[in-house]
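Let's walk through this one together, starting from a single residue in a loop and working inward. Please have the model open and ready to rotate.

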Amino acid sequence: MKPKKEKQPRVKWKELPAEVRKKKRKKYIWITVGVVVAVIFVASKAAAANAKYPVNTVDVVYGDVESTITTSGKVESDVTKTYYSELTGNVGVVPVKAGQAVKEGDVLLHFSKETLDIAGKEAQANALSGESTYNDTMDQNSENQAKLTEATVNLDVLNQQITDYEAFIKEQERKLEDTRNRKKQSLSALGLELSLRQADGEDVSEEMAEYQYLLESLETDKELLDIQRTISDSQEILGNLEEYKAEMKSQKSSTENSVLSSETKEAKSLTREAEKMRQDQSLSYVESVADGVKADMAGIVTQITVSEGAPVTSGAALVTVASNSQVHVAINLSKSDLAKVKEGQKADVTIAGKKYEGEVSFINHMATTNANNMPVVEAQIKITNADEDIYLGIEAKVVIYAEKAENVLVVPVETVNSDKNGDFVYVVENNIVVRKDVVTGVSSDEYIEVTDGLLENDQVMTDISLDITEGMEVMVMTDVSEEMTESADGAQLEISVESE
């Protein structure tokens, strides 16, 4: 058994210096030519002498393999902002052009001086008018509220006073009737007494005259008149109270529908605040664009929708700027590539010959159909070190570093074959060709991981031809490092073959 070779760290071809790659490329070309000549030479000799069929093999070794996906896409901005007008008027000078790079703070557009003056005065006037209207409304509401409160309180007092006076008048009327009846009874008793005395022959003429006087002046009796006067005065007061009550009822009825509810007052207050904010915002906008509408980020002017001197209305689009520092490359992934790509994977992005660092930042979960009517999934590669050399809309080359397997068994990708039963390789055991079914894993352009079916140092055939079949006896040509000298034409042929 050969002693196991010490594993050397693998250096990727693309990481080698250009001069080294050039020298190694020449070396490998001469190696390949030497191997081909050797194979032809040995094969011709073997055929003549019925020798074994020569084959090349590589040892199964442990190594690292990384799957990459190479594709291309379009450079797009992550952040695009359209600047809209908040004024109605005319555009002044437009100092930028579509496609122009701008820095934060650069002027994109000017409004005309007349437009700015009118907008400022209108905003101030609207602010004053809104405040005045609100104050007038609140003052009127306060007045209505005071009247409603007055009427409500007075009605409660009036109702009680009216009730009291009505009771008092009834009481006085009863008192008047009782007093009148008492006086009549007293006079009746006196008259009866005088009649009896007169019947007894007594002279009561003077007393009878006084009796008649009292009887005739009964309705003008001072006590009765006082009571009657009290009743009349009370009835007059009651009438006044009733009249005042009617006035208060009318006042209450007219004001209670005019007094704002707490909800309405709150709504008007909020409306006033919102209107004040709008006017403040308008004034602030006029002040902010007095020197022009300025870019609030660096980027590329992608669209200008107005021209110098043209009329513009509030809400109209003016200029669109796309960031060239927050950018990504939009790519399409096939079904097979999608299984390998995950968000967060690193990538290399090449734009106009300049290389940038990237990262898979987004994978769309809804497929679309490409020009070949095949379903594809859009993904975005965020450029993490973008600079001023980025051009939007340009095509970029992308290399995604997808799956990676470290310290695993690997073989060259060309040694793995497939049929209806799955993946397999041919190995040489005791100079006999043996088929080995394998399970593969991560694959790069050069190597593929073998997760089952092979062991370290198994000899895997690299050149498979139709003349080689399972069970065939062969001669292994790999790991040859020797000098062969032939004198067929008097020349020397030197062959030096390096194994992986």
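N373 is exposed, because its relative accessible area of 62% lies over the 50% cut-off. You will find N373 in the loop that links strand 15 (368-369) to strand 16 (375-383). Keep in mind that this is a predicted model. The backbone of N373 is worth a look too: its phi is near 65°, a positive value in a residue other than glycine. Most residues other than glycine have a negative phi. N407 is another such case, with a positive phi of about 55° although it is not a glycine. N407 sits in strand 17, which covers residues 395-412.

Now step back to the whole chain. It holds 6 helices and 24 strands. Of its 500 residues, 32% are buried. Among contacts with a separation of 6 or more, 75% join residues 24 or more positions apart.

Where do the nonpolar side chains gather? In soluble globular proteins, they tend to be buried together. Here the largest nonpolar core has 23 residues, and the members that touch the most others are L87, L108, L109, F111, V293, L318 and V321. At least two residues apiece come from strand 7 (107-109), helix 2 (113-199), helix 5 (262-288) and strand 11 (317-322). Strand 11 gives the largest share, with 3 residues. To see the packing around one member, centre your view on F111: leaving aside residues up to four places away in sequence, its partners include L87, L116, Y285, V289, V293, V312 and L318. S85, N90 and G92 also touch F111. A second core, separate from this one, has 22 residues, with V75, I331, I383 and I400 among them.

Helix 5 makes a good next stop. Its 27 residues, at 1.5 Å each, should span 39 Å, and the 38 Å between its end C-alpha atoms agrees with that. Which residues of helix 5 are buried? They are S269, Q279, Y285 and V286. These buried residues pack against strand 4 (80-84), helix 2 and strand 8 (293-294).

That brings us to the pairing of the two helices. Two packed helices are described by the angle between their axes and the distance between the axes. For helix 2 and helix 5, the axes come within 9 Å and cross at roughly 165°. Since angles over 145 degrees count as roughly antiparallel, helix 2 is roughly antiparallel to helix 5. Their crossing is left-handed.

Methods. Residues numbered from 1 in each chain as written. Predicted model: local features only at pLDDT ≥ 70, side-chain atom pairs only at ≥ 80, totals over all residues. Heavy atoms only, no water. Core = buried A, V, L, I, M, F, W, Y, C linked by side-chain atoms within 4.5 Å. Buried < 20%, exposed > 50% of the residue type's maximum accessible area, 1.4 Å probe, protein only. Helix = DSSP H or I, 4+ residues; strand = E, 2+ residues; numbered from the N terminus. Contact = heavy atoms within 4.5 Å. Expected span 1.5 Å × (residues − 1). Axes fitted to C-alpha atoms, helices over the stretch in contact; angles between N-to-C directions. Parallel < 35°, antiparallel > 145°, perpendicular 65-115°, else oblique. Left-handed = near helix turned anticlockwise from the far one by under 90°.
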